[in-house]
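Trainee: I'm new to this structure and would like a close look at a single part. Please take me through the nonpolar patch on the surface, and then show me what the inside looks like for contrast.

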Amino acid sequence: MNQGILLSSSSDNIDFMIHGIIPVNFFGHEVWITTSHACILIVMLLMVVFAFVANRKLKKASPDKPDAFQNVIELIVEMLDNMVKGTMGKWAPKFVNYISTIFIFILMSNISGLFGLRPPTADYGTTLALALITFCMIHFNKIKHQSPKTIWTDMCSPLPPWLPLWAPINIISDIAVPISLSLRLFANVLSGTVIMALVYGLLRIIALAWPSVLHVYFDLFSGAIQTYVFCMLTMTYVTQACGSEE
């Protein structure tokens, strides 16, 4: 904890940076386990424990008399299914598990600031990795579901395929997808993290109850919005790469 896993609230040391915790020797090179790795591990453990408990609970659940926990699980699953189906149409069954997983992971990462953790999504390495997965999915499905002729025609659009003057611009546009996805999520979460660290660090004496309003906005509202935006853009890009429904 003294290495910065928790956000510092000391007026003498306003700290929202990433710190190394444990050095690891990797093929002769010193690699550090950082606070981001620790927070990601905490979020992943919580997801695994929740999934395990939900699985055991639903196996013994009664369809006639569902309890509160079962209702919550079914509500979450139904909400995610409807979100993916409404955006991806017939492609939804193939991607609903992945979209649901990253939705829950990003949301839990974003709201982890409520518990004093440094949100993993405030580390550009985390958001860039998620965006690169989306980038690979886009082009994998484009190659899988579209012919080379269609891909080349789209690359040259809006000009004819025999006049590829627009192709470099479209290539740059494709490369910009993971950059824009990762920076959007990273910048919004980091800005909230910095502001809350400054509030608790500089106004520690009077920051008793009113910062809860800021937490509601930066951690809950903004965190949920950014989670939805990231997943919605991922679904839109992948659906376009898969082709039309017809």
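**The surface patch and the core**

Mentor: Let's start at Phe-26, which is found in strand β1 (helices, H or I, of at least four residues and strands, E, of at least two are DSSP runs numbered from the N terminus). This is a predicted model, where local features need pLDDT of at least 70 and side-chain atom pairs pLDDT 80 or more, while totals for chains, interfaces and linings use all residues. Residues are numbered from 1 along each chain as its sequence is written, and side-chain values use heavy atoms, without hydrogens or water.

Phe-26 joins Ile-22, Val-24, Phe-27, Val-31 and Ile-33 in a nonpolar patch on the surface, and together they have about 580 Å² of accessible area (Shrake-Rupley method, 1.4 Å probe, with only the protein chains shown as cover). Patch residues have over 30% relative accessible area and no salt bridge, with nonpolar side chains joined within 5 Å and like charges within 9 Å; a salt bridge puts a Lys or Arg side-chain nitrogen within 4 Å of an Asp or Glu carboxyl oxygen. Two elements, β1 (20-26) and β2 (29-34), each give two or more residues to the patch, and β1 gives the most, with 3.

Now look inside. The largest nonpolar core has 32 residues, of which Met-83, Val-84, Met-88, Phe-95 and Ile-99 touch the most other members (buried nonpolar or Cys residues, from Ala to Cys, joined through side-chain atoms within 4.5 Å; buried is under 20% relative accessible area, exposed over 50%, partly exposed in between). Helix α3 gives the most to this core, with 8 residues. Beyond neighbours within four places in sequence, Ile-99 is in contact (heavy atoms within 4.5 Å) with Met-83, Val-84, Cys-231, Thr-234 and Met-235.

Terms used: Buried < 20%, exposed > 50% of the residue type's maximum accessible area, 1.4 Å probe, protein only.
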